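Here are some short exercises to work through with the structure open beside you. Try each task before reading its solution.

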Amino acid sequence: MSDSLSIQAATPARWRDGVTPYQWLVLFVAWLGWVFDSMDATIYAIVLHPALEELLSHSTGGGPVTDEMIGWYGGLILSIFLIGWAVGGVLFGVLADYFGRTKTLVATILIYALFTGLAALSQDWWHLAIYRFLTALGIGGEWAAGAAIVAEVWPEDKRTRAAGLLQSAWAAGFFLAAAMNLLLKGYGWRALFLVGIVPAFVAMLVRLWVKEPERWVQARAREQAAGLEHKVLLPELFHAPLRRATFAGSTLAFVAVFGLWGASNWTPTLIGALPDMQGLSRADIAGKVSYAIMLFNLGALPGYLSFGPLADRFGRRPVFALMCAGSLIMVPVTFFAPHAYAHVLLLLPVLGFFSSGIFSGFPIYLPELYPTRLRATGAGFCFNAGRVLASAGPFLTGSLVTALGSFGRAASAVALVYLLGLAVLPFAPETKGRPLPE
């Protein structure tokens, strides 16, 4: 008997021990919501060329549609999408603090499911731009509500692992979109947008199975007792003692988004410009690009999952610094060093680890900066406000190509934004070992 007890005592506790089935359920439905967010964003990248080729041909009365036209209108729609993401993240973050995390989660999933499906009805490029803006409202808001509900339901000592699992949904959503593309190949780009209606069923699961976090219920009751339930929340983010946290959190999120959209997401252009890609057909190059993006996302997955354990051991700021420094180095290495497709395939997973892995820090760190009554507002604002500026990233990279003479130089110039992330970290509060503020 004593031997068995000693063996049990010597067995290390697993990090997931003590997590209740309901806590897993909350993480699962929030994870599913983010999977479909990612799937939605990836669908646009997949259908960009064929969709705009058809829609712009309609706009020009059947005239020729050039790659330059597709690049311009594709970048414009992407920028509109990022602005909608920012607006939705801030707006629904506030609504999640007013009306509840679960209600907001349901509303945002329904919004992006509905308007993704309606995008299949587009008849002109500006129809698609409007639908993408409205879709993005839901995507931005879903993150704010989902991150808050997971942070408030999961145990304090296990939140970082849960947040890492939550962010890993982005990689899963990419592969889901790729699978849908293969399954529906031959049905046209509109069929892929129709698949985007599926997340509406996730909203039904949330509505049936997930209740409001007890932390939020108690905080809301205290507000009502004090007569503060109608108070405008957003200005409080810019008052002491939250001003420094808001500045640091929003700057770090801007750096991550700008770096990813302004440099890392130009991988297809990098592949197409390689010497050993010249002379290949467009279909062959598209296949090579698909494999390259898959490897980028395979590298991102361990980045997502490792941020939490590293942050628990070393602190939030050191791991953000690691991800910024790694991205700062890997962007120019990836865009300058390769002379062959095989070289790119080796470098992209490392780039994905850093430039995508940094995003796991935000569902961990941002909810820790704000009290319960402001948690979704603060996290939603910080994670999304910088997207308005980041929406210029795709256009800035294109302008820099002209000014600097090569895409490698342009992407490397954009990567200097990670220096801003390193510069702001000394001013960011360190939250390691602290409970969520009430």
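**Exercise 1.** Find the helix that holds alanine 172, and decide whether alanine 172 counts as buried, partly exposed or exposed.

*Solution.* Keep in mind that you are looking at a predicted model.
- Step 1: alanine 172 belongs to helix H6.
- Step 2: its relative accessibility is 26%. Buried would need a value under 20% and exposed a value over 50%, so alanine 172 is partly exposed.
- Step 3: look for its partners. Setting aside residues up to four places away in sequence, alanine 172 touches Trp31 and Val35.
- Step 4: consider the distance along the chain. Tryptophan 31 is 141 residues from alanine 172, yet their C-alpha atoms are separated by 9.6 Å.

**Exercise 2.** Place alanine 376 in its helix and work out which residues it contacts beyond its sequence neighbours.

*Solution.*
- Step 1: alanine 376 sits in helix H16, which covers residues 375–385.
- Step 2: alanine 376 counts as buried because its relative accessibility is 0%.
- Step 3: leaving out neighbours within four places in sequence, the contacts of alanine 376 are Gly93, Ala96, Asp97, Arg101, Ala144 and Ala148.
- Step 4: take one of these contacts, Arg101, a little further. Arg101 is among the buried residues of H4.
- Step 5: for another pair, try valine 333. It is 43 residues from alanine 376 along the chain, and 37 Å separates the two C-alpha atoms.

**Exercise 3.** Is serine 327 buried or exposed, and what does it touch?

*Solution.*
- Step 1: serine 327 lies in helix H13, residues 316–336.
- Step 2: with a relative accessible area of 0%, serine 327 is buried.
- Step 3: apart from neighbours within four places in sequence, serine 327 is in contact with Pro332, Phe354, Ser355 and Tyr418.

**Exercise 4.** Compare the span of helix H4 with the span expected at 1.5 Å a residue.

*Solution.*
- Step 1: H4 runs over residues 101–118, which makes 18 residues.
- Step 2: from its first C-alpha to its last, H4 reaches 26 Å, close to the expected 26 Å.
- Step 3: now check burial. The buried residues of H4 include Leu105, Val106, Ile109, Tyr112 and Phe115.

**Exercise 5.** How many cavities of 30 Å³ or more does the structure hold, and which helices supply at least two residues of each lining?

*Solution.*
- Step 1: a search of the whole structure gives 2 such cavities.
- Step 2: the largest cavity holds about 60 Å³ of space. Helices H5 (125–153), H6 (159–183) and H15 (361–365) each give its lining at least two residues.
- Step 3: sort that lining by class. There are 8 nonpolar residues, no polar ones and 1 charged; Trp154 and Arg159 are among the lining residues.
- Step 4: the second largest cavity holds about 40 Å³. Here H2 (21–59) and H5 each supply at least two lining residues, with H5 giving the largest share, 4 residues.
- Step 5: compare the two lists. Ala147 and Leu166 line the largest cavity, and Ala147 and Leu166 also line the second largest.

**Exercise 6.** Which members of the largest nonpolar core touch the most other members?

*Solution.*
- Step 1: the core has 133 residues, and those with the most contacts to other members are Trp85, Trp143, Val150, Phe359, Phe362 and Leu366.
- Step 2: H2 provides the largest share of this core, 17 residues.
- Step 3: link back to the cavities. Val150 lines the largest cavity, while Trp143 lines the second largest.

Conventions
Residues numbered from 1 in each chain as written. Predicted model: local features only at pLDDT ≥ 70, side-chain atom pairs only at ≥ 80, totals over all residues. Heavy atoms only, no water. 1 Å grid on protein atoms, 1.4 Å probe; cavity = no way out; pocket = protein on both sides within 12 Å on 5 of 7 lines; lining within 4 Å. Points joined across faces, edges and corners; volume = space filled by probe spheres on them. Nonpolar A, V, L, I, M, F, W, Y, C, P; charged D, E, K, R; others polar. Core = buried A, V, L, I, M, F, W, Y, C linked by side-chain atoms within 4.5 Å. Buried < 20%, exposed > 50% of the residue type's maximum accessible area, 1.4 Å probe, protein only. Expected span 1.5 Å × (residues − 1). Contact = heavy atoms within 4.5 Å.
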